[in-house]
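Thank you all for coming. I would like to walk you slowly through one structure today, so please bring it up on your screens before I begin.

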Amino acid sequence: MASTEDKAASKENTSSWKDSIYNPRTGELLGRTASSWALILLFYLVFYCFLAGMFALTMWVMLLTLDDYVPRYRDRIPNPGLVIRPNSLDISFNKSDPHKYAQYVKNLESFLQRYNDTEQEGNEDCISGQYTLQEDEEGVSKKACHFRRALLSFCSGLSDTNFGYHEGNPCVLLKMNRIIGLKPHGDPYVNCTVKKDNLIQMHYFPKEGRFDKKYFPYYGKKAHENYVQPLVAVKLMLTKEDYNKELTVECKVEGSDLRNNDERDKFLGRVTFRIKVVE
């Protein structure tokens, strides 16, 4: 049988363990009194409110230095990247199965919604071959030159709702990234090449795959609210010999001072994508 001293020691250990959480004699919770806990919570409340206030103040001061229309600091105007639609660098489909190319057709159709005539009615018919220069007045909305889908001809999705994918002659759309103030010198146009022995015929829309100067310069998202980027459509005229092969296509912006050969940036003025059509 356990001795009286063992029982007393056991009760003392149990009491000591419980007292470490809450001691009814001193009123301490986890070793601290209510006033001590209140002071600690008050300190952290004040401390974190101070940090939040400092963060809000610095953000407010920083926002005061920003311009809603033009970036404050622009040491130089960078060169634009070239972007492809449908939004994929690896296009692969079976031309006999509509489900296989439906995603590409849907992506192109969705992207071209802003280029519908109903959306372009408010834009203006600008002079081709000339920059559309406007007064750089803050708070004044800039006019935008219209770009109608019909300019893309067989790649517009108007006469051929499948954009040539059902024929095995798919269309891809190319556009340059928006850069405020960009005025490319020369006459920029898109040139695409396929890395294979036999040449592949390509059709460009608009004519010669040119980016008309009238769509430059761009004045920013807020000032140039209705602006749409000019597009170039490329229709790949593949033959049966080209089917069931993965073809690598490289498109570049040529004919201007825009850079397209920077090895550090594969998308600067150019884009490379793969395409494979299965019968």
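Let me start with one residue: is Cys 251 buried or exposed? Cys 251 counts as buried, because its relative accessibility is 0%, where buried means under 20% relative accessible area, exposed means over 50%, and partly exposed is in between, with a 1.4 Å probe and only protein chains considered.

Before going further, I should say that this is a predicted model, in which local features need pLDDT of at least 70 and side-chain atom pairs count only at pLDDT 80 or more, while totals for chains, interfaces and linings use all residues. Residues are numbered from 1 along each chain as its sequence is written, and side-chain values use heavy atoms, with hydrogens and water left out.

Now the overall layout. The chain contains 4 helices and 10 strands, where helices (H or I, at least four residues) and strands (E, at least two) are DSSP runs numbered from the N terminus. Read from the N terminus on, the order of elements is α-β-β-α-β-β-α-α-β-β-β-β-β-β. Of the 279 residues in the chain, 35% are buried. If we take contacts, meaning heavy atoms within 4.5 Å, between residues at least 6 apart in sequence, then 73% of them join residues at least 24 apart. The chain has an accessible surface of about 17500 Å², and 53% of that belongs to carbon and sulfur atoms; these areas come from the Shrake-Rupley method with a 1.4 Å probe, and for residues only the protein chains shown count as cover.

Let me turn to helix H2, which spans residues 34–64 and includes Met 54. An unreviewed UniProt entry annotates residues 37–66 as "transmembrane region", and I would add that UniProt positions are given in the numbering used here, that feature names are shortened, and that annotations may be inferred rather than shown by experiment. Over residues 37–66 the model is 93% helix and 0% strand, with the C-alpha atoms at the two ends 44 Å apart. Met 54 counts as partly exposed because its relative accessibility is 40%, and Met 54 belongs to a nonpolar surface patch that also includes Phe 43, Trp 60 and Leu 64, the patch having about 1200 Å² of accessible area together. Patches here are made of residues with over 30% relative accessible area and no salt bridge, with like charges joined within 9 Å and nonpolar side chains (Val, Leu, Ile, Met, Phe, Trp, Tyr) within 5 Å.

Next, the disulfides. How many are there in this model? The count comes to 3, taking a disulfide as a pair of cysteine sulfur atoms within 2.5 Å, and with bonded cysteines counted along the chain the pattern is 1-2, 3-4, 5-6.

One of these links joins Cys 126 to Cys 145, with 2.0 Å from S to S. Its S-S torsion is about -95 degrees, so this disulfide is left-handed. Both cysteines lie in the loop between helix H4 (117–120) and strand E5 (171–176), so the pair ties together parts that are 19 residues apart in sequence.

Another disulfide joins Cys 155 and Cys 171, again with the sulfur atoms 2.0 Å apart, and at -75 degrees about the S-S bond this link is left-handed. Cys 155 sits in the loop between H4 and E5 and Cys 171 in strand E5, so the parts tied together are 16 residues apart in sequence.

That brings us back to Cys 251, whose sulfur atom is 2.0 Å from that of Cys 192 in a disulfide. Here the torsion is about 110 degrees, so the disulfide is right-handed. The pair links distant parts of the chain, with Cys 192 in strand E6 (residues 186–194) and Cys 251 in strand E9 (residues 247–256), 59 residues apart. Cys 192 is also buried, at 7% relative accessibility.

Finally, the salt bridges. The whole structure holds 12 of them, each being a side-chain nitrogen of Lys or Arg within 4 Å of a carboxyl oxygen of Asp or Glu. Arg 270 pairs with Glu 250, with the closest N and O atoms 3.8 Å apart; Arg 270 is in strand E10 (residues 270–278) and Glu 250 in strand E9, 20 residues apart. Both of these residues are buried, and they are linked with Glu 263 and Lys 266 in a network of salt bridges.
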